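The exercises below can be worked through with the sequence and the structure side by side. Please try each task before reading its solution.

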Amino acid sequence: MATDTHAPSTDSSPAFTMPVVAKVGGIGMFVAGLIIFGISFSFGLEVGWTGWLIGSWYTLGFALFASFFLTINALASGGWAAVIKRVPEAMTRYFLMAVLPFGILAVAMMTSHLYEWAVPHEGGGLHAELIHHKEPWLNKTFWLVRMVIYFGLWIGFSWLMVRSSRAQDLDGDLKHTWSMRKVSAPFGIVFGLSVTFASVDFVKSIEPTWFSTMFGVYQFAGIMQSGFAMLILLLIVLRNSGHLKEQVNSNHFHTLGIWLISTSVFWAYIWFCQF
């Protein structure tokens, strides 16, 4: 088996520590968010839980973006991203933490405080008839099963990709690159299907009688656009903290900027189509 003749590169800079200002600001925003979240329940349980859903789905999008970013670079042999791949690899770890907010979301669903379809609809009327028609898909048990499947697939595939990447750092063996490609190829299909179905289950089903064939693409576009923005911000924070200054240069930011404006235009186009 061919191996890389170069020893794995190491970063001599000290371990990253969050700046004090960022820590204080983060804690402040967290507390403010909890207060606003609590106040939102005064306008109704549905209002409070809908806010929780949107925040949970939006932050999950960063991990979804990171996993797809690693996938497309592995399949396309994107060497330009090799020096920044540790950042999206770290972003995929949020999949594990996202289990908590979505677990709380599942409690809201089971107690019928969020989704209309989770409440029995008696009587006639077109609205009730349409909800009843979707009951084989939109029911509490199957919804929970699908959520477990989604997170199982996302966590499993991202773990396999990151494991191969870290293993190559240790021995330099190119077989790990091929391992990443073998994992990335099926995950590209799994990603597209799972994000589409998950966005429908978690977000679109709030209005179960609303029809849209563009919703999955719309969510994908938003995930990619916000993901590239977050990746750029994280790299700026790392460089300002003394990390990756020799590895990440203006060319990387230029390429990421092209991706950001391209995905922004794509998102705007899909937003108009959805509208």
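**Exercise 1.** In this predicted model, find out which residues Ser199 is in contact with, leaving aside its neighbours within four places in sequence, and decide whether Ser199 counts as buried or exposed.

*Solution.* Once the neighbours within four places in sequence are set aside, Ser199 is in contact with Trp57, Lys204, Phe215, Gly216 and Gln219. Ser199 itself has its place in helix α7, which covers residues 175-202. Its relative accessibility is 0%, and since buried means under 20% relative accessible area, Ser199 counts as buried.

**Exercise 2.** Determine how the axes of α7 and helix α8 (residues 215-240) cross, and name residues through which the two helices meet.

*Solution.* Begin with the axes, which come within 9 Å and cross at roughly 105°. Because angles from 65 to 115 degrees count as roughly perpendicular, α7 is roughly perpendicular to α8. Next, look at the residues: on the α7 side these are Phe191, Val195, Thr196, Ser199 and Val200, which meet Phe215, Gly216, Gln219, Phe220 and Ile223 of α8.

**Exercise 3.** Work out which helix gives the most to the nonpolar patch on the surface, and classify Val31 by its relative accessibility.

*Solution.* The patch is formed by Ile27, Phe30, Val31, Leu34, Ile35, Ile39, Phe43 and Val47, with about 810 Å² of accessible area together. Helix α1, residues 20-40, gives the most to this patch, with six residues. Val31 lies in helix α1, and at 40% relative accessibility Val31 counts as partly exposed, because that class lies between the 20% and 50% limits.

Note on methods: Residues are numbered from 1 along each chain as its sequence is written. This is a predicted model: local features need pLDDT of at least 70, side-chain atom pairs count only at pLDDT 80 or more; totals for chains, interfaces and linings use all residues. Side-chain values use heavy atoms; hydrogens and water are left out. Patches are made of residues with over 30% relative accessible area and no salt bridge: like charges are joined within 9 Å, nonpolar side chains (Val, Leu, Ile, Met, Phe, Trp, Tyr) within 5 Å. Accessible areas come from the Shrake-Rupley method with a 1.4 Å probe; for residues, only the protein chains shown count as cover. A salt bridge is a side-chain nitrogen of Lys or Arg within 4 Å of a carboxyl oxygen of Asp or Glu. Helices (H or I, at least four residues) and strands (E, at least two) are DSSP runs, numbered from the N terminus. Buried means under 20% relative accessible area, exposed over 50%, partly exposed in between (1.4 Å probe, protein chains only). Contact means heavy atoms within 4.5 Å. Axes are lines fitted to C-alpha atoms, for helices over the stretch in contact, and angles run from 0 to 180 degrees between N-to-C directions. Angles under 35 degrees count as roughly parallel, over 145 as roughly antiparallel, 65 to 115 as roughly perpendicular and the rest as oblique.
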